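The following exercises are to be worked with the sequence and the 3D structure in view. Each task is followed by a solution in steps.

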Amino acid sequence: MDRKALEALLNDMSLEEKVMQLVQIPGSEYEAGAEITGIERGQVKDSVKRLAGSTLGIWGSKRLKKIQEKYIMEHPHHIPLMFMLDVIHGHKTVLPCPLGQGATFDPDAVKKGAEMQAREAATDGVHATFSPMADLCRDARWGRIMESTGEDKLLNSRMASAMVEGYQGDDLKDSSHVAACVKHFAAYGAAEGGRDYNNTELSEHTLREYYLRAYGEAIKKNPVMVMTSFNSINGIPATGNIFLMKKILREEFGFKGVLISDWGAVGEMINHGFAEDQRDAAYKAMLAGVDIDMCSGCYSTCLEELVNTGVVSEKMLDEAVLRVLDMKNDLGLFEDPYRGLDIDAGSIITDESRMLARKAVAASLVLLENRGKTLPLRNEKNAFIGPYANTKRLQSSWAFSGNDENTVTVWEAAMEAYELEYIKVAVGCTMLDQDTVTARGIRHVDHWQEENSKLLEEAVQAAEWADTVILCLGEDSTQSGEATSKASIKLPEIQLKLLGEIKKTGKRIVTLVFTGRPLELNEVRELSDALMICWLPGTEGGHGVVDVLTGKVSPSGRLPVSFPYTVGQEPLHYDMYPTGRPKPENGPSAFTSRYLDCENGALYPFGYGLSYTSFEYTDLKLSAQSMSASETITASVTVRNTGDIKGCETVQLYIRDVTGSRVRPIRELAGFKKISLEPGMEEEVSFVINEEMLRFWTAEEKWESEAGKFRVWICNNSCSGQPLEFQLV
Ligand code: GLC
């Protein structure tokens with residue numbers, strides 16, 4: 001539909017119709033059995049159902065076709081309903097959770113994964129996904145760190161941008177793509193205490209320097225939507241925050257798309273104590289420029305009266321409605337309201353999508369320890385033990401449109417890779433301790449003690465039979481995601497007990513940790529010969545993990561987030577400030593910035609990960625000792641594969657601005673490149689440093705670089721390497 005026709009449509013709509021275009025209601029209102037949040041049907045009046053502009057949380061080509069046919073027929077102007085869904089790391093073929101995708105340091109691969117997700121979702125009638133989550137996360141206590149790509153602003157920027165491109169493609173009318181939604185704007189990951197939905201207190205400097213960066217970069221890729229976050233920022237809820245939504249988002253970032261609230265967030269401004277009632281909440285959300293009210297009921301209940309009484313101008317309303325109509329038009333819904341959905345799709349999962357997922361899993365795994373080259377596994381007797389050894393629950397709590405039945409377990413993949421006489425499996429223990437068994441997706445375990453005694457006995461027998469034990473431990477998938485903040489980030493006691501008992505058998509132990517967040521792994525590290533982080537790997541989890549265990553694929557993942565010695569260090573991030581009393585690398589550290597009982601840094605730092613081979617970095621050099629703002633410097637290093645098998649290395653560029661009008665981090669990731677080298681081969685890897693890369697939010701509140709000394713590392717993680725220096729003149 002052309003612009004003129006769209007505006008004519010808008011002018012012909014009644015006030016009620018316009019208001020309802022800004023209303024989103026749960027999909028369960030249109031169809032039983034679609035509840036995604038436990039909200040019972042019938043919460044919404046029929047008049048709202050008939051006119052609501054969009055719905056969320058339902059999928060399925062046949063189901064959505066039926067709903068759309070009825071909806072369009074009953075709508076006074078036959079405007080199509082929009083279907084939105086959280087497809088954040090897979091619809092039917094579920095990829096590794098976003099934190100695992102961050103570990104690949106491969107935006108191109110992540111873009112391909114988003115393309116596959118969009119294709120599968122569109123086939124099922126979905127028009128928009130609530131992804132990418134571009135929240136910077138430094139706090140392992142916050143369960144939604146699982147949905148992020150970690151603690152670094154550059155890595156998050158590259159990953160969120162890649163996801164927007166993958167979901168949307170070049171033309172949204174292409175029905176194998178879906179609209180993207182950058183979320184949660186803004187700084188949701190900085191929740192105080194790591195407690196979900198909590199306040200965030202951030203200086204404008206920290207907000208701009210760290211937390212806004214990835215949103216801003218992703219918005220340059222023109223996502224159709226942005227979602228407001230639940231949290232308040234410096235005392236003002238995001239959903240009513242005019243500074244964030246008007247000055248930053250609309251004016252500075254130039255975002256012209258649809259701003260949607262998070263679920264119920266408009267109404268929650270009452271709980272925040274920022275709005276008197278639903279009418280006040282609706283008013284404040286409109287003032288902030290929130291176009292769609294997701295499921296709070298404030299717009300459907302109060303907006304028409306606010307416009308009728310002139311409190312909200314019809315002009316402001318029309319601008320919001322036109323953005324929603326534009327979205328439907330850009331998706332081609334007026335011409336084809338059934339775009340993409342294929343009622344005869346059959347199995348949406350294909351061999352191709354499985355292969356893409358399998359490669360993504362292998363690339364996401366981060367090898368942290370490999371003493372005595374325990375990995376890759378020898379062709380001896382291998383026992384796969386632990387609650388993650390043979391479970392199909394390898395996808396996150398945000399992959400609810402996927403189906404565990406499609407998942408390949410570690411054990412199933414092991415049976416494909418090894419002769420059965422050389423492998424055994426044993427559960428070893430329950431996933432959770434009795435006192436943390438939760439109702440959400442976990443069967444309550446009766447006779448828990450007796451069950452675990454029996455499981456342990458079987459596991460020890462399997463271990464005694466084996467040469468090597470692959471111990472598959474981790475945090476259950478219901479323990480990360482929304483509303484899952486934790487004050488302890490240890491593995492369940494029952495799993496640590498299993499590890500201890502297996503250790504007593506004296507066998508080699510390869511510990512695989514499946515998790516959606518960094519965990520405290522000191523004890524696991526001590527008792528394991530090899531240790532690998534597997535995240536929540538999804539549908540092809542078993543295949544990807546076993547491909548690495550057998551050496552078919554060499555591990556190449558690098559940590560997108562710091563793993564602490566203890567939760568007491570959280571929030572923890574590598575790009576910390578030096579302080580006036582930096583703790584010396586060596587020597588006396590009294591009266592310096594340190595803990596009496598713990599290191600400052602991470603047990604395993606950002607960017608860290610091992611391969612089955614080894615790499616040597618030599619000959620770090622800069623093309624010049626100084627540069628002006630209009631010049632560049634090329635930093636280069638020679639990387640050599642000094643091992644005896646092929647490997648993939650993520651070469652990382654870090655820069656430190658030594659002196660600034662504000663204090664500057666001890667180093668910041670400024671670039672990364674993945675290279676693959678055959679044994680004995682070497683490659684020169686170079687990065688061009690330009691002035692733009694040196695800019696920061698100065699004391700004068702400008703985004704500028706400042707002349708002075710800079711240090712440069714090219715190395716293999718955020719704590720390694722020796723720097724060279726140059727001057728910006
Ligand atoms: C949830 C989440 C958000 C999600 C939305 C729709 O509360 O905060 O990430 O996209 O609701 O499901």
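**Exercise 1.** Determine how far an N or O atom in the side chain of D86 is from an oxygen atom of the ligand, and describe the surroundings of the ligand.

*Solution.*
Step 1. In this predicted model, the separation for D86 is 2.5 Å, which falls under the definition of a polar contact, a pair of N or O atoms within 3.5 Å.
Step 2. A polar side-chain atom of K183 lies 2.9 Å from an oxygen atom of the ligand, and for H184 the corresponding value is 2.6 Å.
Step 3. The protein buries 96% of the 310 Å² that the ligand exposes when taken alone; the areas come from the Shrake-Rupley method with a 1.4 Å probe.
Step 4. The ligand is surrounded by 13 residues, where a residue counts if one of its heavy atoms lies within 4 Å. The closest are D86, R144, K183, H184 and D262.

The model is predicted: local features need pLDDT of at least 70 and side-chain atom pairs pLDDT 80 or more, whereas totals for chains, interfaces and linings use all residues. Residues are numbered from 1 along each chain as its sequence is written, and side-chain values use heavy atoms, without hydrogens and water.

**Exercise 2.** State the strand order of the open sheet of 3 strands, and explain why β5 and β9 each have one side without a neighbour.

*Solution.*
Step 1. Strands are DSSP runs of E with at least two residues, numbered from the N terminus, and two strands pair if DSSP finds at least two bridges between them.
Step 2. The order is β5-β6-β9, and the pairing is parallel.
Step 3. β5 (181–185) and β9 (258–260) are the edge strands; each has a single partner strand, so one side of each lacks a neighbour in the sheet.
Step 4. Between β5 and β6 (residues 225–228) there are 3 bridges in the parallel sense, and F185 stands opposite T228 in β6.

**Exercise 3.** Find how many disulfides the whole structure contains, and explain why C598 and C715 form none with their closest cysteine.

*Solution.*
Step 1. A disulfide is a pair of cysteine sulfur atoms within 2.5 Å; the search finds 0.
Step 2. The closest cysteine sulfur to that of C598 is in C719, at 13 Å, too far for a bond.
Step 3. The sulfur of C715 also has its closest cysteine sulfur in C719, at 8.9 Å, which is too far for a bond.
Step 4. Buried means under 20% relative accessible area, exposed over 50%, and partly exposed in between, with a 1.4 Å probe and protein chains only. C598, at 15%, is therefore buried, and C715, at 3%, is buried as well.

Note on methods:
Helices (H or I, at least four residues) and strands (E, at least two) are DSSP runs, numbered from the N terminus. A polar contact is a pair of N or O atoms within 3.5 Å; within protein, one must be able to donate a hydrogen and the other to accept it, and residues adjacent in sequence count only if both atoms are side-chain atoms.
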